[in-house]
Amino acid sequence: KLQEAQIVEQKAPRSYFKVKRPIWISLNGAELAVFPADELRISYMIEYDHPVIGQQFLSLKIDEETFVKEIAPSRTFCFVDEVEKLKEQGLIKGGSLENAVVIGADGVINSDLRFNDELVRHKILDLIGDLVLLGMPLKGHVVAFKGGHPSHINLVQRLKREMERESVGALKPPKEHVDETLKNYIEHIKNSIDIEILNQDFAEAKESKENKGFWASFVELEL
């Protein structure tokens, strides 16, 4: 229905928030970062101690075509032993076996997956929705590891503080500060998951099956 609606062009140019320096947050095991970019790109990894899910990773440029074809069809998911608890909490009132993926011990119990990595795609969908709270479209590369709504909101709050910092006319941080921020971020990741960061192409992360491969191949930084 949204695609059937007409688009009305306005005279004023659209405003974007373009990230100018690396920003990152850590919350309850989730790690999220935003790096400068000329477009919105999201790279997301999930990890569950469940044989059906394990680790899933996807990195996409987010535009209208990608959203419609690759992200919007992905459904929310839950584990079968969580369903009754969620109902008791007054949640999933609009949930059904048609619009959600229900996972049992041996696999998906209600339908076939729409994508082999549908679950991480839905996490990207969640993140896109939470980023709307920023108040304007974002230009930046968002990297998320084991995120969820609480960490997404925490990141939005951090981005809002960055917007406020820029709005009061703060000077552009010197390159030395940006370099130090990146180094601190990488050092934090190294310490949190006990790996050695390697200088590899981030695209190789798509083939990663372990945290080590994901974060090690994450950043080709030009400091």
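**Loops, helices and a core**

Trainee: Asn-28 is found in the loop between strand 2 and strand 3. Does Asn-28 count as buried or exposed?

Mentor: Bear in mind that this is a predicted model, where local features need pLDDT of at least 70, side-chain atom pairs count only at pLDDT 80 or more, and totals for chains, interfaces and linings use all residues. Residues are numbered from 1 along each chain as its sequence is written, and side-chain values use heavy atoms, leaving out hydrogens and water. Buried means under 20% relative accessible area, exposed over 50%, and partly exposed in between (1.4 Å probe, protein chains only). With 78% relative accessibility, Asn-28 counts as exposed.

Trainee: And what is phi of Asn-28?

Mentor: Most residues other than glycine have a negative phi. Asn-28 has a positive value and isn't a glycine, with phi near 50°.

Trainee: Which residue in the loop between strand 9 and helix 4 has phi near 60°?

Mentor: Its positive phi again belongs to a residue other than glycine. That residue is partly exposed, with a relative accessible area of 38%. The one sitting in that loop is Lys-146.

Trainee: Zooming out, how many helices and strands does the protein chain have?

Mentor: Here helices (H or I, at least four residues) and strands (E, at least two) are DSSP runs, numbered from the N terminus. Buried residues make up 41% of the chain's 223 residues. The count for the protein chain is six helices and nine strands.

Trainee: Which helix gives the most residues to the largest nonpolar core?

Mentor: A nonpolar core is a set of buried Ala, Val, Leu, Ile, Met, Phe, Trp, Tyr and Cys residues joined through side-chain atoms within 4.5 Å. The largest one has 34 residues, and Tyr-44 and Ile-124 are among those with the most contacts inside it. Six of its residues come from the top contributor, helix 3.

Trainee: How many residues of helix 3 are buried?

Mentor: Helix 3 has 14 residues in total, and it is largely enclosed by the rest of the structure. Its buried residues include Leu-119, Ile-124 and Leu-127, but also Arg-121 and Asp-126. The number buried is 12.

Trainee: What span should helix 4 have?

Mentor: The expected span is 1.5 Å times one less than the number of residues in a helix. Helix 4 (residues 149-167) has 19 residues, and its end C-alpha atoms lie at a distance that agrees with the expected value. Both come to 27 Å.

Trainee: What arc do the buried residues of helix 4 cover?

Mentor: An α-helix has 3.6 residues a turn, so residues three or four places apart point the same way. In helix 4 the buried ones include His-152, Leu-155, Val-156 and Leu-159. They lie on the same side of the helix, since their arc (taken from the directions from the helix axis to the C-beta atoms) is only 145°.

Trainee: Which exposed residues sit on the face turned away from that side?

Mentor: The buried side of helix 4 packs against helix 3 and several strands, including strand 4 (40-47) and strand 9 (138-145). The face turned away from it carries Pro-150 and Glu-164.

Trainee: At what angle do the axes of helix 3 and helix 4 cross?

Mentor: Axes are lines fitted to C-alpha atoms, for helices over the stretch in contact (heavy atoms within 4.5 Å), and angles run from 0 to 180 degrees between N-to-C directions. Among the residues that meet are Lys-123 and Leu-127 from helix 3, with His-152 and Val-156 from helix 4. The two axes come within 9 Å and cross at roughly 35°.

Trainee: How far apart are the C-alpha atoms of Leu-133 and Lys-160?

Mentor: Leu-133 is in the loop between helix 3 and strand 9. Not counting residues up to four places away in sequence, Leu-133 touches Ile-153, Val-156 and Lys-160. Leu-133 and Lys-160 are 27 residues apart along the chain, yet their C-alpha atoms are separated by 9.3 Å.
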